[in-house]
Amino acid sequence: MPDWLKFTNRGQSTLDGGIDDDDITLAVADPSKFPITFPFRLTIDNEIVEVTDGGGTAIDPYDITRGEEGTTPAAHLDKVVVRLNITAGVVEQVQDELDTHGTATTGVHGVGVGTVAKTADITATKLDDFAAPDDNTDLDASTSKHGLVVKATAPAAGLYNYVGITNGETAYTNKALFDATNPSTQAFGDSAAPGSAAVSARRDHKHAMMADPVPTHSALTTGVHAFNKGVKVWHNAAQSIPNNTATILSFNQEDFDLDDMHDNTTNNSRLTIKTAGLYMVLASIQWDSGSTGYRELFILHNGNVISKYSIAAHDYIGNINFALKSCSVNDYFQVHVWHTQGASLNVLSEGSHNPMFCAVRIA
Amino acid sequence: MIRVYYLKTQRVNNTDIVNGNEYIHGAILDDEGTLRKLIQDTTDNEHAGLIKVAEKWRDATEDEVQQLEAMKAHFPYEPPRNLAQEINELKAKISALEVKAEVEKI
């Protein structure tokens with residue numbers, strides 16, 4: 001910033017006392033006509049002097065530099081006119097400052113309020129490196145130290161680019177938001193598979209899918225979806241049970257058999273497991289009239305007792321028993337009964353409800 | 001002696017009764033195929049009656065012997081006496097003896 005010359009309007013007075021050609025001070029009749037800050041230039045006769053300090057009075061005269069702008073110091077009489085003119089030197093000072101701005105390549109040049117020159121007009125001015133200004137190093141957009149982000153480039157149609165920085169990188173770069181590969185076609189039974197490109201989102205990955213067709217409950221062999229693996233059987237006549245004899249009950253009728261677990265003729269006492277899992281087994285019978293001894297109802301798994309129900313006898317008593325058992329394929333359940341009536345006693349048949357034997361897979 | 005008998009079942013008056021039912025007690029009555037499989041410690045009399053109605057019979061294997069013993073452990077209760085049946089059986093024997101005596105007297 002130059003030491004600009006100061007001005008006032010209508011700056012004019014007269015000398016308060018004559019000066020010789022080598023005096024370096026002067027006083028004026030009315031200092032209030034001139035600036036109170038310095039420097040400013042006064043024209044006296046043919047000489048221009050520059051005032052650098054002082055109050056302009058006889059007691060505190062102006063300090064002056066003689067013969068400015070090529071003029072010749074000379075003696076001036078008391079009362080001659082002193083003017084504050086816009087001289088050629090003032091105009092040259094302004095022109096020099098403008099020229100200096102026009103050619104500047106370093107430093108920060110404030111614009112202030114107004115119209116900013118277009119880039120085409122200031123091609124010689126470049127944005128400096130913010131991390132180390134004034135080191136005459138121009139801004140390098142390929143590094144991140146300037147704090148600016150590069151402009152994202154336009155991607156192919158249908159895709160998106162973004163500017164980002166990933167782990168290990170030092171500068172922002174253009175990145176594809178999606179893998180350019182079209183998403184894979186999903187097929188039933190597909191296993192999960194990762195995408196193939198390291199972008200922010202992968203379009204060509206796969207999710208696992210269940211096989212086609214989606215299995216019905218009856219086709220499922222695991223989980224809790226197999227309630228329809230089951231059988232319910234009964235017997236269409238009374239069965240005479242010898243005294244004190246563990247007698248396996250026969251079942252020659254089926255209410256339902258959803259997994260080919262029972263045969264009405266061969267080994268018809270058995271409910272045979274065809275699908276491994278946890279089974280709930282239920283059996284119920286009703287005895288004929290008789291009140292001597294005990295009545296018992298057992299559930300057997302592969303010939304071994306797994307659940308026993310016993311009760312003192314009375315007429316037409318019913319027995320019911322229940323078991324849960326984890327089974328493998330070809331395991332089998334049976335029911336045997338026992339009594340101590342003293343003579344043969346019938347297990348009655350009451351339609352499809354007695355004697356009843358069922359097994360249902362629950363898991 | 002513990003033996004195994006394979007017996008058919010007959011339906012009489014809407015009741016399924018295994019053949020030789022009157023000789024069966026303290027036993028295991030299983031099924032095997034379409035037959036009933038009886039494991040019992042039979043007396044000579046019971047054996048004589050059962051083999052008349054059995055499809056086949058044989059001595060019990062060691063496993064079947066153990067199976068019967070295990071059954072008895074499961075059912076520790078003593079079977080109650082059927083006094084009426086015992087009286088009828090005694091009456092029948094007395095009648096038979098009386099008939100025999102009459103015959104010999106004649």
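## A tour of the A–B interface

Start by showing chain A and chain B together: the area buried between them is about 2400 Å², and carbon and sulfur atoms give 50% of that. Keep in mind that you are looking at a predicted model. The size of an interface is often given as the accessible area lost when the parts come together.

**Stop 1: the contact residues.** Select the residues on both sides of the contact. You should have 37 residues from chain A and 26 residues from chain B.

**Stop 2: the polar links.** Next, turn on side chains and look across the boundary. Between chain A and chain B there are 18 residue pairs in polar contact, counting pairs with both residues at pLDDT 80 or more. Salt bridges are another matter: the rule finds zero across this interface.

**Stop 3: the chain A side.** Now hide chain B for a moment and colour the strands of chain A. Five to select are β10 (238-241), β11 (246-248), β15 (294-301), β16 (304-312) and β18 (332-339); each supplies at least two residues of the side that touches chain B. Colour that side by class and you will find 11 nonpolar, 24 polar and two charged residues.

**Stop 4: a strand pair between the chains.** Bring chain B back and zoom in on β10 of chain A. Which strand of chain B is joined to β10(A)? The partner is β3 (residues 15-18) of chain B; two bridges join these strands, which run parallel. Within this pair, pick A:Q239 and you will see B:D16 of β3(B) standing opposite.

**Last stop: confidence.** Finally, colour chain B by pLDDT. Its mean is 89, and 92% of its residues reach 70 or more. For the complex, the predictor gives an ipTM of 0.74 and a pTM of 0.51.

How values were computed. Residues are numbered from 1 along each chain as its sequence is written. Chains are lettered from A and ligands numbered from 1 in the order in which they are written. Side-chain values use heavy atoms; hydrogens and water are left out. Contact means heavy atoms within 4.5 Å. Buried area is the accessible area (1.4 Å probe) that two parts lose on being put together, summed over both. A salt bridge is a side-chain nitrogen of Lys or Arg within 4 Å of a carboxyl oxygen of Asp or Glu. A polar contact is a pair of N or O atoms within 3.5 Å; within protein, one must be able to donate a hydrogen and the other to accept it, and residues adjacent in sequence count only if both atoms are side-chain atoms. Helices (H or I, at least four residues) and strands (E, at least two) are DSSP runs, numbered from the N terminus. Ala, Val, Leu, Ile, Met, Phe, Trp, Tyr, Cys and Pro count as nonpolar, Asp, Glu, Lys and Arg as charged, and the others, Gly among them, as polar. Two strands pair if DSSP finds at least two bridges between them. pLDDT is the predictor's confidence in each residue, from 0 to 100.
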